[in-house]
Amino acid sequence: MFQPRIALQGVRLPFRCLPSIPIRRFASVVNESETSATQPSNSIYDTAESFAPQPQREATGLRLRTYRPITPGVRHLRRPINDHLWKGRPVHRLTFPKRGHAKGGRNNSGRITMRHHGGGHKRRIRTVDFVRMDPGAHLVERLEHDPGRTAHIALIRNKKTKKLSYILAPDGLAVGDTVESYMSGIPEELWKSMGGTVDPGVLAARTAYRGNCLPLHMIPVGTSIFNVGLRPGMKGQLCRSAGTYATVVAKGSDSRQKDLEGEQEAEAARPVDETEKKKGLTSKEKQERQKKERAAQHITVRLSSGEVRLIHKDCCATIGIASNPNYQYTQLGKAGRSRWLNIRPTVRGLAMNAMDHPHGGGRGKSKGNVDPKSPWGIPTKSGYKTRPKWKINKAVVHPRPRNQGQRRRGYN
């Protein structure tokens, strides 16, 4: 029988030859560097300026915390090291409790619309400002963990109004940094520093810093962004989870807008006959003009999935990468931690009874010689059952019916 280890600090043994035994730590750190919220930030910003220069950060690699397997639940437990986060409670007036049907995956009528949700630890939802329309410099008070998302959030305070708010924290943001939003326009100090005219180089050098929120047309090409909006004046909706980001691929909105305006002025100055007025533009010319207008009003953005999208130039975006990029290497270690996170078990249909799933029942591992189906009997797994009949083994692809609301039989 093994004797238990003595792990008490300050206990002196009766043997003079043995010193006091220190505490045995059950967690080990891989590539841990000294980071703490109480340490002064190594940012080089000047608090008197209205904008924050790019802070200097030390390069850090993959940093995970592993645990000594004193129990089976911690043998495979892996967690990213986030010792710089705030240890206390959030600002109470910026939160509200999560109660009711939302925790169980139910809608307003009580029906399950999201399976495998339920239970979980009691939590409060943080009201995060995804729009960031308030102008002026904001000081980062602290970085906090949000139980409702994988990325971290930052508590910022407006230097003029002293108003507190939560924002999504970019990777590398530290306590004491200054962030600013330019969604409501360019401040007067920045206008004066540029000589009263818009200089794209100077504007990008003064505004495109980590944590700043800008319209897409003010962001240089090749910049990594997150919390990207889909419509002007609306909140950010894309690239909000941990470690995700998008890239501005092409812009050229100013030159295209000037070319479009020049073409319109040339057409207005050109004399037009009465026959041309009656005839108007052809469908091809209308399509080309719409294409040019769309290109002049939109920015090309590549998402983390590789998808390339056209987003309006007045939509919001934050410079940087979403915080907590090492979250993808997390290992929960046991099933109980999934239950703490409001995740219920996922059971295979093959292991159910015949009344619970189309694949259930039978003797042994057999789904009854049926095609793969969902729990509601809809064909799944992608195949000839999930494609419309006009796409099956056809040499010539027939167009879809124009009236989508009244599809003929065989098209659904």
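This report covers the overall fold, two groups of paired strands, the salt bridges and two residues of a predicted model.

## Overall fold

The protein chain has six helices and 17 strands. Of its 412 residues, 29% count as buried. Contacts reach far along the sequence. Among those between residues at least 6 apart, 61% join residues at least 24 apart.

## The six-stranded sheet

One open sheet holds six strands. Their order is β10-β17-β11-β14-β15-β16, and the pairing is antiparallel. β10 (213-215) and β16 (308-312) are the edge strands, each pairing on one side only. On average, neighbouring strands of this sheet are turned by 50° against each other, direction ignored.

Inside the sheet, β11 (residues 224-226) and β14 (residues 246-250) run antiparallel and are joined by two bridges. Serine 224 has threonine 247 of β14 as its bridge partner. A helix also meets this sheet. Helix α5 (residues 283-297) lies across β15 (298-302) and β16. Its direction is at about 65° to β15.

## Strand β6 and its partners

Strand β6 spans residues 137-144 and is mostly covered. Six of its eight residues are buried. β6 pairs with strand β7 (residues 153-158) in the antiparallel sense, over six bridges. In that pairing, leucine 143 stands opposite alanine 154 of β7.

β6 also runs antiparallel to strand β9 (residues 178-180), with three bridges between them. Here alanine 137 has glutamate 180 of β9 as its bridge partner.

A salt bridge links β6 and β7 as well. Glutamate 141 pairs with arginine 157, and the closest N and O atoms are 3.0 Å apart. Glutamate 141 belongs to strand β6 and arginine 157 to strand β7, with their positions 16 residues apart in the chain. Glutamate 141 counts as partly exposed, at 31% relative accessibility. Arginine 157 also counts as partly exposed, at 29%.

## Other salt bridges

How many salt bridges does a search of the whole structure find? The search finds six. One of them joins aspartate 83 to arginine 65, with 3.2 Å between the closest N and O atoms. This pair links distant parts of the chain, 18 residues apart. Aspartate 83 is in the loop between β3 (78-80) and β4 (95-97), while arginine 65 is in strand β2 (residues 64-67). The two ends fall in separate burial classes. Arginine 65 has a relative accessible area of 18%, so it counts as buried. Aspartate 83, at 24%, counts as partly exposed.

Glutamate 307 and arginine 309 also meet in a salt bridge, at 3.9 Å from N to O. Glutamate 307 is partly exposed, with a relative accessible area of 40%. Arginine 309 is partly exposed too, at 29% relative accessibility.

## Tyrosine 67

Strand β2 also holds tyrosine 67. This tyrosine is partly exposed, with a relative accessible area of 21%. Its side chain makes a polar contact with the side chain of arginine 79, at 3.4 Å. Arginine 78 is 11 residues from tyrosine 67 in sequence. In space, their C-alpha atoms are 7.6 Å apart.

## Arginine 126

Arginine 126 sits in strand β5 (residues 124-126). Why does buried arginine 126 have no salt bridge? The nearest side chain of opposite charge, aspartate 146, is 4.3 Å away. A salt bridge needs a nitrogen and a carboxyl oxygen within 4 Å, so this pair does not qualify.

The arginine 126 side chain does have a polar neighbour on the backbone. One of its polar atoms lies 2.6 Å from the backbone oxygen of arginine 124. Leaving out residues up to four places away in sequence, arginine 126 touches Pro90, Leu94, Thr95, His145, Asp146, Pro147, Ile153 and Tyr166. Aspartate 146 is thus on the contact list, although arginine 126 forms no salt bridge.

Definitions and conventions. Residues numbered from 1 in each chain as written. Predicted model: local features only at pLDDT ≥ 70, side-chain atom pairs only at ≥ 80, totals over all residues. Heavy atoms only, no water. Helix = DSSP H or I, 4+ residues; strand = E, 2+ residues; numbered from the N terminus. Buried < 20%, exposed > 50% of the residue type's maximum accessible area, 1.4 Å probe, protein only. Lys, Arg positive; Asp, Glu negative; His and termini not counted. Polar contact = N/O pair within 3.5 Å; in protein donor to acceptor, adjacent residues only side chain to side chain. Contact = heavy atoms within 4.5 Å. Pairing = 2+ DSSP bridges. Axes fitted to C-alpha atoms, helices over the stretch in contact; angles between N-to-C directions.
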